[in-house]
Amino acid sequence: MNKYTPANYCGVTRWEWMTDLATVLRNRANVGRHIEKYGWNDLPESYKPKYPDRDPANYRTWFLREIDASPMHPAIQQAVYLAPPLDWHLLVLEWPHASDSDPSRIAYTRSDAHGYADRQTVTSVGKYIARHFPTMPDHWVRDIAMRHVPYKFVLWDTVPKIVQAVQDGPHSCMCWSSFNRDNDTHPYEAYDPKYGWRIAVRLGASELITARCLVNVESMTFVRSYTRRDNSNQYSHSDEAIEVWLRDQGYTKRHDWDGLKLAKITEGRYHDDFWAPYIDGDIKYVSDEGEYLLITRDGEYECDRTDGHASGSSGCSCNDCGARVHEDETYSIGYHGDRSVGECCIGDYVRVHGRGGDEYYIYYGDAIAVNGEYYDPDYLDRYDIVQLDDGEYVHQDDAMHLDYRDIWVSSDDDCWVYCPHSCTTEHVDDCVQLENGDWALEHDAWQCDHDKKWYLCDEVTAFETECGLAVHPDHADEYTTNTEEN
């Protein structure tokens with residue numbers, strides 16, 4: 001009887017099973033290597049009852065090479081702790097580990113044949129986990145994959161660094177092109193570290209700020225992240241990688257900064273005026289508490305402008321250019337509608353199909369156009385829109401997925417074929433045509449050296465001749481030499 005019950009069948013138990021199985025497979029492979037080198041008779045007598053098979057080919061000796069070369073990829077343990085794999089025996093046998101060519105991707109041994117040929121298949125962390133953990137929610141798969149992107153994350157805790165992240169990082173409305181760092185005051189100086197403010201940044205090559213996110217260490221929260229786009233002036237979407245990293249550090253994402261303090265900076269202002277940043281989130285109002293500003297829903301000032309000024313609570317202005325507009329003549333931007341623009345700037349935006357089936361405005365350059373309709377690029381999956389290998393976007397009904405290459409191509413393209421054996425659609429360059437006219441992936445078939453036809457490995461086993469040829473069994477007699485007994 002299995003000693004494990006549903007009550008204690010948890011992630012830790014699953015991982016223990018897998019490590020135990022890995023040990024068993026390694027021991028068998030080690031014994032097979034010994035038999036291969038010295039013969040079965042050389043085994044200690046105590047081993048022989050446990051390992052009666054004399055053929056080293058049945059011990060998966062290749063597994064010893066894989067398990068000794070690399071540890072299992074840490075993303076797999078994270079996934080096992082969250083959900084049961086479809087086949088944990090197969091998962092261990094494939095021994096997924098970090099690829100030598102790209103440590104952010106997974107390399108694994110697809111079959112025994114690949115193992116003996118020392119051939120590994122390389123794929124993304126997300127795709128591999130999705131294949132082995134079909135019950136795992138998509139956002140869990142995405143979070144695990146993001147944890148293994150080779151970026152450097154840093155938390156900056158000074159006012160100059162907070163301003164630097166805004167000015168040199170991903171584009172936003174608070175990135176001022178004419179800002180002089182030596183002489184000018186920047187509105188983001190209001191996010192003073194003495195009130196718990198920090199800025200998290202994701203650094204890429206040459207310390208390039210590829211993402212940023214304002215955080216508060218007193219409330220352990222963040223509201224909005226920004227990711228760098230190819231065009232430095234494009235509107236920035238949220239950055240999944242930095243948000244996953246922040247959650248791992250204990251931060252929680254909120255919709256507003258309600259109850260937190262800002263520094264009240266009056267240098268260069270007249271009377272009681274102060275420097276005000278554009279506040280991300282649902283609450284943009286602040287109250288003047290004398291020594292500091294308090295972010296609150298009932299505040300008398302609204303920090304909804306990009307010029308460093310706050311407007312009265314009854315005021316309304318375009319968030320892009322700062323022009324004063326009538327409240328009834330504004331357009332909410334984004335799913336949350338946390339930004340608004342007037343007629344003066346709405347031409348830079350387009351209405352898209354997006355999150356939750358809703359329609360809203362986003363920056364025109366970010367929208368994806370398909371058959372005359374526009375879509376939010378963050379929610380293409382909801383509308384079955386895929387990106388082809390050539391960069392174009394189409395509805396999934398108009399595309400074919402090539403499983404081996406993990407790409408999409410147009411249904412009208414003549415580069416794909418259907419493989420009945422694997423029930424997949426593949427690139428013709430990766431396939432061969434079998435003797436019966438069907439197509440199959442080349443690594444799933446073999447070619448007869450006699451008739452030059454291709455046969456499935458699973459259906460026909462090649463006959464190896466004395467001269468080293470692989471031929472169809474029907475041709476075996478033509479290569480067999482009968483030796484008369486003396």
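# Why is it called that?

Visitor: Why does glutamate 45 count as exposed?

Guide: Glutamate 45 has a relative accessible area of 59%. The label "exposed" needs a value over 50%, so glutamate 45 earns it. Keep in mind that what you see here is a predicted model.

Visitor: And what makes lysine 48 buried?

Guide: Lysine 48 has a relative accessible area of 12%. Buried means under 20%, so lysine 48 fits that label.

Visitor: How do you know that lysine 48 and glutamate 45 form a salt bridge?

Guide: Look at the distance between the closest N and O atoms of the two residues: 2.9 Å. A salt bridge needs the side-chain nitrogen within 4 Å of the carboxyl oxygen, so this pair passes. In general, side chains of opposite charge can pair when their charged atoms come close.

Visitor: How many salt bridges does the structure hold?

Guide: There are 19 of them. One of them is between lysine 264 and aspartate 288, with N to O at 2.9 Å.

Visitor: Which parts of the chain does that pair of lysine 264 and aspartate 288 tie together?

Guide: Lysine 264 sits in the loop between strand 9 (261–263) and strand 10 (285–288), while aspartate 288 belongs to strand 10, so the pair ties together parts 24 residues apart in sequence.

Visitor: Why is lysine 264 called partly exposed?

Guide: Its relative accessible area is 24%. Partly exposed covers what lies between 20% and 50%, so lysine 264 falls in that band. Aspartate 288 also has 24% and gets the label partly exposed.

Visitor: What makes glutamate 359 and arginine 351 a salt bridge?

Guide: Here the closest N and O atoms are 3.4 Å apart. That is within 4 Å, so the pair counts. Glutamate 359, at 41% relative accessibility, is partly exposed, and arginine 351, at 42%, is partly exposed too.

Visitor: Which residues are joined into one network by salt bridges that share partners?

Guide: That would be Arg65, Glu66 and Asp118.

Visitor: Let's switch to rings. How many aromatic pairs are there?

Guide: The structure holds 19 aromatic pairs.

Visitor: Why is the pair of tyrosine 195 and tyrosine 292 called tilted?

Guide: The two ring planes stand at 55°. Under 30 degrees would be stacked and over 60 would be edge-to-face, so 55° leaves the pair as tilted. The ring centres are 6.2 Å apart, and pairing needs them within 6.5 Å.

Visitor: Where in the chain do tyrosine 195 and tyrosine 292 lie?

Guide: Tyrosine 195 is in the loop between helix 8 (159–168) and strand 5 (197–203), and tyrosine 292 is in strand 11 (residues 292–295). The two are 97 residues apart, and the pair links distant parts of the chain.

Visitor: Is tyrosine 195 buried or exposed?

Guide: Tyrosine 195 has 14% relative accessibility. That is under 20%, so tyrosine 195 counts as buried. Tyrosine 292, with 21%, is partly exposed.

Visitor: What makes the pair of tyrosine 349 and tyrosine 363 edge-to-face?

Guide: Their planes are at 85°. Edge-to-face needs over 60 degrees, so this pair qualifies, with centres 6.2 Å apart. Tyrosine 349 lies in strand 16 (residues 349–353) and tyrosine 363 in strand 17 (residues 359–363), so the pair ties together parts 14 residues apart in sequence. Tyrosine 349 is buried at 9% relative accessibility, whereas tyrosine 363 is partly exposed at 26%.

Visitor: What is unusual about the phi of arginine 60?

Guide: Phi of arginine 60 is near 50°, a positive value in a residue other than glycine. Most residues other than glycine have a negative phi. Arginine 60 lies in the loop between helix 1 (11–38) and helix 2 (62–69). Cysteine 423 also has a positive phi, of about 55°, although it is not a glycine. You'll find cysteine 423 in the loop between strand 24 (416–419) and strand 25 (424–427).

Visitor: How do you know that aspartate 390 is exposed?

Guide: Aspartate 390 has 59% relative accessibility. The cut-off is over 50%, so aspartate 390 counts as exposed. Aspartate 390 also belongs to a patch of negative charge on the surface, whose members include Asp389, Glu392 and Asp397.

How values were computed. Residues are numbered from 1 along each chain as its sequence is written. This is a predicted model: local features need pLDDT of at least 70, side-chain atom pairs count only at pLDDT 80 or more; totals for chains, interfaces and linings use all residues. Side-chain values use heavy atoms; hydrogens and water are left out. Patches are made of residues with over 30% relative accessible area and no salt bridge: like charges are joined within 9 Å, nonpolar side chains (Val, Leu, Ile, Met, Phe, Trp, Tyr) within 5 Å. Accessible areas come from the Shrake-Rupley method with a 1.4 Å probe; for residues, only the protein chains shown count as cover. Lys and Arg count as positive and Asp and Glu as negative; His and the chain ends are not counted. The place of a charge is taken as NZ of Lys, CZ of Arg, CG of Asp or CD of Glu. Buried means under 20% relative accessible area, exposed over 50%, partly exposed in between (1.4 Å probe, protein chains only). Rings of Phe, Tyr and Trp (its six-membered ring) pair if their centres lie within 6.5 Å; planes under 30 degrees apart count as stacked, over 60 as edge-to-face and the rest as tilted. Helices (H or I, at least four residues) and strands (E, at least two) are DSSP runs, numbered from the N terminus.
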